[in-house]
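Here are my notes on this one, jotted down while going through the model. Have the viewer open as you read, and take the points in order.

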Amino acid sequence: MLAFGLTIVRHGETQCNKDGILQGQKIDSPLSEIGIRQSEAAGQYLRDVKFTNVFVSDMKRAKQTAEIIVRNNKTGHDIELVADRSLKERRFGVAEGGRVIEMKNMAKAAGQPLPEFTPPEGETMEQVKVRIKDFLKAMMQRIVNDHQDKVQHGGISISDETSWAPAGLPDDGVLNVSVHVLVVGHGAYMSIMMRHFFEDLKCPMGRGLDPAQQFSICPNTGMCRFIITLKCSNAGFAFSDIKCVFINRRDHIKTD
């Protein structure tokens, strides 16, 4: 068995985010000055949290955010940032480059909730889920390959670490977990990943967490954390369990 922490962070703000422009995959924006400050704040918040692996979308806004977080981390200076195309934002087709409100109006006209609406030439939620599953499979394979020495034979319990409400600390849930993965990605993609975790993998909500946050868009540099357990054998590995530590945490973002 191998249990590892998974911390997922949305990229910092871009000018398009601020202006209400839908970026998707077509617009590869860098971070704005506010986005850089948000990423620095996220890095400072996580500075004492050890990461063993980092995966990031290959889009500029996500790569910049990951680089800033890792640069601020006390133990992550030599860690490899693995850029993965399967972490790209959801493709919104003809709506990309337009205003977010315009896509909301398109969804309303089609009589569909916004998250489930697919503009012409865009990706459906199910198509994004395929990318998510491909990423998770490749990520888990890399984790098992990199950390063979941490595989435990026999039972493993992670319930003690996650059975109570988080203490509001940066290392909630991962204090005694030897493998910890950082993933930096995108808002719509993360929202669909949460659906996969909570609906498909039947991840229970942690104590003290607001169920209304499950599928809401994570704020820029907002964070979600899970503990995943794999069954490992000579034949390979298989998913065993997932627990939620927190979702959409934004304690590091100043609101004044």
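1. Let me begin with one pairing in the sheet: V54 has L81 as its bridge partner in β3. Before going further, keep in mind that this is a predicted model. A second bridge partnership links V56 to A83 of β3. Taken as a whole, β2 and β3 (residues 81-84) run parallel and are joined by four bridges. Between them the chain goes from β2 through α3 to β3, a β-α-β crossover that is right-handed.

2. On its other pairing, β2 also lines up with β4 (residues 180-185), again in the parallel sense and over four bridges. Look at V54 once more here: L182 in β4 stands opposite this residue.

3. How much of β2 is buried? For this strand (residues 53-57) the count is five of five residues, so I'd call β2 mostly covered, taking buried as under 20% relative accessible area. Both faces are involved: N53, F55 and S57 are buried on one side, and V54 and V56 are buried on the other.

4. β3 reads another way. One face, with V82 and D84, is covered, while the face with L81 and A83 is uncovered.

5. Now zoom out to the sheet. There are six strands in an open sheet, ordered β3-β2-β4-β1-β5-β6, and the pairing is mixed. The edge places go to β3 and β6 (236-249); each has a single partner strand, so one side of each has no neighbour in the sheet. From one strand to the next, the twist averages 20°.

6. Further along that order, β1 (residues 2-10) and β4 run parallel and are joined by six bridges. If you want a residue to click on, try G5, whose bridge partner in β4 is H180.

7. What about the helices α2 and α3? The axes of α2 (residues 33-45) and α3 (residues 60-72) come within 8 Å and cross at roughly 35°. The crossing of α2 past α3 is right-handed. On the α2 side the contact involves I36, S39, E40, A42, G43 and Q44, and these meet T65, I68, I69, R71 and N72 of α3. Sorted by class, this contact has four nonpolar, five polar and two charged residues.

8. R10 deserves a look. This residue sits in strand β1. Is R10 buried or exposed? Its relative accessible area is 12%, and the cut-off for buried is under 20%, so R10 counts as buried. Setting aside neighbours within four places in sequence, the contacts of R10 include N17, T65, G185, H186, G187 and M190, and also I217, C218, P219, N220, T221 and G222. T65 is also one of the α3 residues met by α2. For a distance check, the C-alpha atoms of R10 and A83 are separated by 15 Å, with the two positions 73 residues apart along the chain.

9. My last stop is E123, in the loop between α4 (100-110) and α5 (125-146). Its relative accessible area is 5%, which is under the 20% cut-off, so E123 is buried despite the loop setting. Which residues does E123 contact, leaving aside neighbours within four places in sequence? They are Q25, E89, R90, R91, T118, V128 and R131.

Definitions and conventions: Residues are numbered from 1 along each chain as its sequence is written. This is a predicted model: local features need pLDDT of at least 70, side-chain atom pairs count only at pLDDT 80 or more; totals for chains, interfaces and linings use all residues. Side-chain values use heavy atoms; hydrogens and water are left out. Axes are lines fitted to C-alpha atoms, for helices over the stretch in contact, and angles run from 0 to 180 degrees between N-to-C directions. Helices (H or I, at least four residues) and strands (E, at least two) are DSSP runs, numbered from the N terminus. A crossing is left-handed if the near helix is turned anticlockwise from the far one by less than a right angle, and right-handed if clockwise. Contact means heavy atoms within 4.5 Å. Ala, Val, Leu, Ile, Met, Phe, Trp, Tyr, Cys and Pro count as nonpolar, Asp, Glu, Lys and Arg as charged, and the others, Gly among them, as polar. Buried means under 20% relative accessible area, exposed over 50%, partly exposed in between (1.4 Å probe, protein chains only). Two strands pair if DSSP finds at least two bridges between them. A crossover is right-handed if, with the strands pointing away from the viewer, the path from the first strand over the helix to the second runs clockwise.
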